[in-house]
Amino acid sequence: MHLADFIAGSVGGAFGVAVGYPLDTVKVRVQTQQRFTGVWHCILSTCKEEGIRGFYKGMSMPVTTVSVSSSVVFGVYRNVLQCLCQLRYGSREAPPGKLDIFLSGLSGGVAQVSVMAPADIVKVRLQCQTEPYKVTDQLYKPKYRGPIHCLFTIVREEGILGLYKGAGALALRDGPSFATYFLTYNTICGWLTPENQSKPEWKVVLFAGGVSGMCGWCFGTPMDVIKARLQMDGMGERRYRGFFHCITVSLRTEGPGVLFKGLGLNCIRAFPVNMSVFGMYELVVHFLRPVS
């Protein structure tokens, strides 16, 4: 087992969260709250009502859990890829085919849902809790006081399964998304790396990482919208009876375009975030590979 990939994935994932969290908050609010007319309206409203800290609500838990889930994604991806190469080509060191990379990425994306789902619902609930920046006795108190309080409140009010609201949509988002993610990254690195070089240059790694993130979100955004709405369905009046009901109601009330709410923002955020993730991942693997 390649432990270096688990460690490197953890470091890269945490670094990526720190880079992209403000835009992630805006993305979630635009997808789930109809009071915002667009990205800039959301950004300006958040700054005015909550200050800069409004963009970082709930970040402590994602930094921890994304480092774990990213570790699972990269670790499972690498080890499944090597197992497929062993089964199909007789050697773990054989060059993998496109299908091998796609299936390995799919496995990594689905595997991390069990870790990611509880943290993701806490993140979404806190991001969409838009209490004023200065809270006084005259203004309402927020339902959730922080990530841990939010976690326990969900369990108390909705049960353990409440933490896995939207997990099906999350798996449908992350499976194909990570499959596309790793396939795009490896394809671009292969195109831009000369035949006499065994490893891509750093500028290629950064560029391929950024583009792969954008491609992954193109496939993942529709399920991301449904996931966020299911996760938010519990803070107030319940609107959705389940996964398919959420899709039906969203399409009927807002049209097909609703499934791509936040796509532009996802792509803008994805480039620097995944550039950072892959850059940090490759850097850590470079130092740890001999040890593993």
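**A tour from a buried pair to the largest pocket**

Begin by selecting D120 and K123, both of which are buried in this predicted model. These two residues form a salt bridge, in which the closest N and O atoms are 4.0 Å apart. They lie 3 residues apart in helix α5 (residues 113-127), so about one helical turn separates them.

Next, add D24, K27, R173, D174, D224, K227 and R269 to the selection, and you will have the residues that, with D120 and K123, are linked in a network of salt bridges. Within this network, look at D224 and R173, whose closest N and O atoms are 2.6 Å apart in their salt bridge. This pair links distant parts of the chain, since D224 is in helix α8 and R173 in helix α7, 51 residues apart. D224 counts as buried because its relative accessibility is 0%, under the 20% limit, and R173 is also buried, with a relative accessible area of 9%.

Now select the whole of helix α8 (residues 202-232) and follow the helix to G220, where a kink of about 55° lies shortly before the proline P222. Of the 31 residues of α8, 23 are buried, so the helix is largely enclosed by the rest of the structure.

Finally, turn to the largest pocket, which has a volume of about 1200 Å³. Its lining is made of 36 residues, and those nearest the centre are R78, N186, S198, K199 and P200. The elements giving two or more residues to this lining are α3 (60-89), α4, α7 (167-192), α8 and α10 (263-288).

Methods. Residues numbered from 1 in each chain as written. Predicted model: local features only at pLDDT ≥ 70, side-chain atom pairs only at ≥ 80, totals over all residues. Heavy atoms only, no water. Bend = angle between axes of the 7 residues up to and from the residue. Helix = DSSP H or I, 4+ residues; strand = E, 2+ residues; numbered from the N terminus. Buried < 20%, exposed > 50% of the residue type's maximum accessible area, 1.4 Å probe, protein only. 1 Å grid on protein atoms, 1.4 Å probe; cavity = no way out; pocket = protein on both sides within 12 Å on 5 of 7 lines; lining within 4 Å. Points joined across faces, edges and corners; volume = space filled by probe spheres on them. Salt bridge = Lys/Arg side-chain N within 4 Å of Asp/Glu carboxyl O.
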